[in-house]
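Q: Please take a close look at one part of this model: how its helices pack. Start with a single pair, then widen the view.

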Amino acid sequence: MAEEDLIREIGLAAAAYGVDPTVFMAQMRYESGLDPRAQGAAGEIGIGQFMPDTWRMVIRQHPELVEKFDISEHPVNRANGPANIWAAAAHMHDLLRQFDGDYAVALAGYNGGAGGTHLPAAQQYAATVLGRAGVTHENQFPPPPGGWGDEDGSPFATEEQRASETWVRLLASRIREEEAKGNHRRAIELQTLLDAFNRAATAAQDGRQ
């Protein structure tokens, strides 16, 4: 897939699982440089750099991914670029639910495991991602309208939540900020994310008609 298509997929996945798209975009770039073929030294694979056990856990908790991408929990499916992105968004959603929407802790959990959020490397990972995203606790996206979903791991993303006007407005504001700073490439990237959000919103509205 072309990079623009991958960025659009990141936006759609973020919209579906209620993850701040600017943070998620920075996270996926930091993990793999958006290379679906990326492999880590410890055996991580794909854009979201999944280890086999984490992949199995996420797919078991999110059967909607099996249906959407016609995949299984077998680790070979980590090489499916879009599925890897959506699984990463689902995993972040679960961590945000577990840690009450705290992106710093959720990101540390993504890197070090839910029990390793205190590890210096995991905390540095979180700080780096948030720094690259330009997001702080004060300006991060608020929790989605319906909260973080049930504890059984099912996604919260109803049509109404995917179409959240508040989130679209916040993302548009970030685009204007980047343009004002002269960061045109960054603004274009965020615009692609916004287009994906609007696409999700349109699909939601069509589904209600």
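A: Helix 2 passes helix 5 in a right-handed crossing (the near helix is turned clockwise from the far one by less than a right angle; anticlockwise would be left-handed). Helices here are DSSP runs of H or I, at least four residues, and strands are runs of E, at least two, numbered from the N terminus. The model is predicted, so local features need pLDDT of at least 70 and side-chain atom pairs pLDDT 80 or more, while totals for chains, interfaces and linings use all residues. Residues are numbered from 1 along each chain as its sequence is written, and side-chain values use heavy atoms, without hydrogens or water.

Now the geometry of that pair. Helix 2 spans residues 21-32 and helix 5 spans residues 81-98. Their axes come within 11 Å and cross at roughly 120°. That makes helix 2 oblique to helix 5 (under 35 degrees is roughly parallel, over 145 roughly antiparallel, 65 to 115 roughly perpendicular, the rest oblique). Axes are lines fitted to C-alpha atoms over the stretch in contact, with angles from 0 to 180 degrees between N-to-C directions.

Which residues touch? Helix 2 brings Phe-24, Gln-27 and Met-28. Helix 5 answers with Ile-85, Ala-88, Ala-89 and Met-92. Contact means heavy atoms within 4.5 Å. By class, the contact of helix 2 with helix 5 has 6 nonpolar residues, 1 polar and no charged (nonpolar: Ala, Val, Leu, Ile, Met, Phe, Trp, Tyr, Cys and Pro; charged: Asp, Glu, Lys and Arg; polar: the others, Gly among them).

Helix 2 itself has 12 residues. From first C-alpha to last, helix 2 reaches 16 Å, close to the expected 16 Å (1.5 Å times one less than its number of residues). Helix 2 is largely enclosed by the rest of the structure, because 10 of its 12 residues are buried (under 20% relative accessible area; exposed is over 50%, partly exposed in between, with a 1.4 Å probe and protein chains only). Phe-24, Gln-27 and Met-28 are among the buried residues of helix 2. So are Pro-21, Thr-22, Val-23, Met-25, Ala-26, Glu-31 and Ser-32.

Next, a second pair. Helix 6 (residues 103-112) and helix 7 (residues 120-133) have axes that come within 8 Å and cross at roughly 125°. These two helices are therefore oblique to each other. Helix 6 also passes helix 7 in a right-handed crossing. On the helix 6 side, the residues are Tyr-103, Ala-104, Leu-107, Ala-108, Tyr-110, Asn-111 and Gly-112. Facing them in helix 7 are Ala-121, Ala-122, Gln-123, Tyr-125, Ala-126, Val-129 and Leu-130. The contact of helix 6 with helix 7 divides into 11 nonpolar, 3 polar and no charged residues.

Asn-111 sits in helix 6. At 37% relative accessibility, Asn-111 is partly exposed. Leaving aside neighbours within four places in sequence, Asn-111 contacts Ala-121, Ala-122 and Tyr-125. Asn-111 and Tyr-125 are 14 residues apart along the chain, yet their C-alpha atoms are separated by 7.0 Å.

The loops flanking helix 5 hold two more details. Asp-70 lies between helix 4 (63-69) and helix 5, with phi near 55°, a positive value in a residue other than glycine. Asp-100 lies in the loop between helix 5 and helix 6, and its phi is about 55°, also positive. Asp-70 is exposed at 71% relative accessibility. Asp-100 is exposed too, with a relative accessible area of 71%.

Finally, the whole chain: 10 helices and 0 strands. Of its 209 residues, 50% are buried. Among contacts with a separation of 6 or more, 60% join residues 24 or more positions apart.
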